[in-house]
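Work through these exercises with the structure open beside you. Try each task before reading its solution.

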Amino acid sequence: MTKQNKEWAIGIDLGTTYSCIAVWKEQQYRVEIIHNDQGNRITPSCVSFTENQRLIGDAAKNLSSINPTNTVFDVKRLIGRKFSDPVIENDLRLWPFKVIADSDDKPMIVVSYKGKEKRISPVEISSMILTKMREIAESYLESGVKNVVVTVPAYFNDSQRRATKDAATIAGFDVKRIINEPTAAALAYGLENKGNCDGERNIFIFDLGGGTFDVSILRMKDDVFEVKAIAGDTHLGGEDLDNRMLNYCVEEFKRKNKVDISANPKALRRLRTACERAKRTLSYAVDTTIEVDALSGGIDFHSSMTRTRFEELNMDLFRKCMETVDRCVVLVGGSSRIPKVQQLLQDYFKGKDLCKSINPDEAVAHGAAVQAAILSDGIKYFPELVLLDVTPLSLGISANGDLMSVVIPRNTIIPVEKKRGFVRSADFQSSVLIEVYEGERTRASDNNLLGSFRFYGSPNALRGHPLTVCFSIDANGILSVTAEEKSSGRIDSIIITNDKGRLSTQQVMRMMEEAEKYKAEDQEYKKKVQAISALEDFVYKIRKAVEDVDNIFKLDTQDKTKINVAIAEARKLLGASKETETGVLVDHLREMKSLIEPIMRIN
Ligand code: ADP
Ligand code: MG
C-alpha cells in the first residue's frame, strides 16, 4: 500500500489547554500518538500574533509572557457561545487578550497582527489550532490527511458541536464524526481491554485537565456507549494547582528578599512556568526544586518543593474532585497523573484498580482515532462495537404558550429522527412561529433558543388543525427541523438560523479562504526569514573570505570596491528587512553570488 493513496483514520482531542492527535496504524493494528515538531505528544491550544507572523502551539505558548495581549488561549470556552453568556463573564475579565461582541452578540477576539487590528472568531482560532494539528500529522505520515474524528465535552450543546465541526472543516478536514470526550476515552480502553468486557458495564470517567474537570458516567451495553450522567467544574484543573504553587513561591520570595513580584507580570509568568514544570516532576518524584534566574531585581529564585507540600497546598481542590460513582474509573486529563488525586480516588473506590495504562492526556485522541478507524473500516476484527453517542440535552419546540414540548428527549442515541404532531392554537393564522429549544426546563423560554422559523401552511386552518414537526439529528449531533402540514401538502424544511453562534455556509467558506490566506502569509514569512538568513550568511562568509584572501595576497582594488558596494547594499536591505520584499533579498543574494564567484571562492 503506498502512503500517498492511503486514507488515514485520524482522531483529534481539541482541548482547552492542550490538543492531541492520533492515527490508527492499520498494519500494526494499533493507535499511535503523533508528536509535534518539538517532539511533544501534546500541543498547547494557543495562537500568538506578532508584528511579523502567526505562531501556533508550543511557539505561541512561549510568547505568552512577552506578547500577552496577542496570545490567545482557552478559546474552547468561547466556541459556539454568545458574548453575553454568563458562563464566560468571569473569563472575559481575566483573559489578557481582548474579546468584544459583534453585532450578533458573537464573541470576537481582538489582536494586533502585523501592526493592524484584527478581529478573529473563536471558530477561526480553533481552526488554526486544528490546522497545526493537521500539519503535525502530515509531516509525520508524509502524506495528506483528510478524515478525522474530533472530540468535544459531553456537555457541549448543538451550537458548540457545530462550531467545532466548522473549525475542523475550515482547517481542511473532512469531519467523519464529532464524538464525546468520555466516549472516546472509554473507547480507547474498550479496545485495550476488550477481553474483560461482557454484558452491561458502567464506566466512570474522571478527566482532570488544564482548566476543566469533567466526570461522566457511561453505560456500555450491547456494544453501545451511552452518556448517563455528567458533572464537573468548568474552572478547576492543573492551572489552579499551578496558581497555588505560584502564590506560595511569591510569598516565599517576598519573605526572603523583601521584594514583592505580585504586580510584575513577566516575573509571575516565568515563575508560573517553573511551577508547572515542578508540578509535573512531583507526579513521579517526591521532591523537586523550582529555580528562576534573576526573577526580579537581579535576585534569583530558588526553592525546594516536596510532594507533601504540594498536596497540602492543593488538598481542598483535590477533595473537590472526589465524586460518587460506580465500579470502574478511567483516568483522563494530564492533571489526573497527580499521585494524591489517584490515591484519593482509589481510596474512594476501596482499592479498585484505576485504568491508567493509556497516557491520560492522550486517551481522548486515542479513542477518537479508534472511532475514525471504525468509520473507515480500518478495524476489521473489531466490527461488533458500534459506537453511539447521545443527545446531551432534550430538544423540542415551544407549544401552548411557553411550554417546552420535547421532541427528542436527552440521552437519545443519535443519529435519530423523530416526528411529533402539534395543533394550531388559533383560527386563520397566516403563519406559525416555530421556536426550537434545547434544555430540561418546563418553560420553553428558560431553555436555550436554538433558532426559529415561520411555517406558512394553509391560511384557512382553524384552531386544532394538525401539523407535524420532524427533528433529525445526524451522526455529528447536528440538528435540522422540518414542519409539515398534510392538508395543504406544505413542507417547510428549515435551517436553524445563525442566532447562536452558528456559521452560515458562506461564512465557513469565507473563513476557509482566510485560513488559506493565513497559511500563505505564514509561508511567505518563512521564506523571508530564510532569505534574510541566507543573505546574512553570505555577507558574513564574504567578509571572512576577504580577510583571509587579504592575508595571503591583495585583492584587486576594483574587485574590492565592487565587493564592498555589494556588502553595503546587502546591509542596507537587511537593515530595512521588514519593508524589503523577499524577492529583492533573493535577487540581491543571486547578484552578489554571480559578482563574487568569479573573483574568489566562498564556501
Ligand atoms: P485539556 O484540559 O486541554 O484537555 P490535558 O488533559 O492535556 O488538557 O491536561 C493538561 C494539564 O495537565 C496541564 O495543567 C498540565 O500541567 C497537567 N499535567 C500534564 N502532565 C502532568 C503530570 N505529569 N503531573 C501533573 N500534571 C500534569
Ligand atoms: Mg481534555
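**Exercise 1. The whole protein**

Task: Find what percentage of the residues is buried, and how many helices and strands there are.

Solution: Keep in mind that this is a predicted model. Start with burial: 53% of the 603 residues are buried. Next, go through the secondary structure. The protein has 13 helices and 29 strands. Then turn to the surface. About 28,500 Å² is exposed, and carbon and sulfur atoms supply 49% of that area. Last, look at contacts between residues at least 6 apart in sequence. Of these, 64% join residues at least 24 apart.

**Exercise 2. Helices α12 and α13**

Task: Decide whether α12 and α13 are roughly parallel or roughly antiparallel.

Solution:
1. Locate the pair. Helix α12 covers residues 557–575, and helix α13 covers residues 582–596.
2. Take the angle and the distance. The two pack at about 165°, with their axes 11 Å apart.
3. Apply the cut-off. Angles over 145 degrees count as roughly antiparallel. Therefore α12 and α13 are roughly antiparallel to each other.
4. Add the handedness. α12 passes α13 in a left-handed crossing.
5. List the contact. From α12 come Lys562, Ile563, Ala566, Ile567, Glu569, Ala570 and Leu573. They meet Val584, Leu585, His588, Met592, Leu595 and Ile596 in α13.
6. Sort by class. The contact of α12 with α13 has 10 nonpolar residues, one polar and two charged.

**Exercise 3. Helix α6 and two partners**

Task: Describe how α6 packs on α8, then how α6 crosses α7.

Solution:
1. Begin with α8. Helix α6 (residues 238–257) and helix α8 (residues 307–321) pack at about 135°, and their axes are 10 Å apart.
2. Name the arrangement. α6 and α8 are therefore oblique to each other.
3. Give the handedness. The crossing of α6 past α8 is right-handed.
4. List the residues. Asp240, Leu241, Arg244, Met245 and Tyr248 of α6 meet Arg309, Phe310, Leu313, Asn314, Asp316, Leu317 and Phe318 of α8. Seven residues in the contact of α6 with α8 are nonpolar, one is polar and four are charged.
5. Move on to α7, residues 265–281. The axes of α6 and α7 come within 9 Å and cross at roughly 115°. This crossing of α6 and α7 is right-handed.
6. Look at the contact. On the α6 side it includes Gly238, Glu239, Leu241 and Met245, and on the α7 side it includes Leu268, Leu271, Arg272 and Cys275. By class, the contact of α6 with α7 has nine nonpolar, two polar and five charged residues.

**Exercise 4. Three residues and their surroundings**

Task: For Ile10, Thr50 and Ser405, find where each lies and which residues each touches.

Solution:
1. Ile10 sits in strand β1, residues 10–14. Its relative accessibility is 0%, so Ile10 counts as buried. Its contacts beyond four places in sequence include Ile21, Val23, Leu141, Val149 and Ala372. Now compare chain and space. Gln371 is 361 residues away along the chain, yet the C-alpha atoms of Ile10 and Gln371 are separated by 8.7 Å.
2. Thr50 lies in the loop between β5 (47–49) and β6 (54–56). Thr50 is buried, with a relative accessible area of 18%. Outside its neighbours within four places in sequence, Thr50 is in contact with Leu55, Leu63, Asn67, Ser112, Tyr113 and Lys114. The C-alpha atoms of Thr50 and Thr71 are 8.7 Å apart, with the two positions 21 residues apart along the chain.
3. Ser405 belongs to strand β22, residues 403–408. Its relative accessible area is 7%, so Ser405 is buried. Leaving out residues up to four places away, Ser405 touches Gly396, Ile397, Ala399, Arg420 and Phe422.

**Exercise 5. Positive phi**

Task: Place Asp105 and Glu142, and state the phi of each.

Solution:
1. Recall the background. Most residues other than glycine have a negative phi.
2. Check Asp105. Its phi is near 65°, a positive value. Asp105 is in the loop between β8 (98–101) and β9 (107–113).
3. Check Glu142. Its phi is positive too, at about 55°. Glu142 lies in the loop between α3 (122–141) and β11 (147–152).
4. Finish with accessibility. Glu142 is exposed, with a relative accessible area of 56%.

Definitions and conventions: Residues are numbered from 1 along each chain as its sequence is written. Chains are lettered from A and ligands numbered from 1 in the order in which they are written. This is a predicted model: local features need pLDDT of at least 70, side-chain atom pairs count only at pLDDT 80 or more; totals for chains, interfaces and linings use all residues. Side-chain values use heavy atoms; hydrogens and water are left out. Axes are lines fitted to C-alpha atoms, for helices over the stretch in contact, and angles run from 0 to 180 degrees between N-to-C directions. Helices (H or I, at least four residues) and strands (E, at least two) are DSSP runs, numbered from the N terminus. Angles under 35 degrees count as roughly parallel, over 145 as roughly antiparallel, 65 to 115 as roughly perpendicular and the rest as oblique. A crossing is left-handed if the near helix is turned anticlockwise from the far one by less than a right angle, and right-handed if clockwise. Contact means heavy atoms within 4.5 Å. Ala, Val, Leu, Ile, Met, Phe, Trp, Tyr, Cys and Pro count as nonpolar, Asp, Glu, Lys and Arg as charged, and the others, Gly among them, as polar. Buried means under 20% relative accessible area, exposed over 50%, partly exposed in between (1.4 Å probe, protein chains only). Accessible areas come from the Shrake-Rupley method with a 1.4 Å probe; for residues, only the protein chains shown count as cover.
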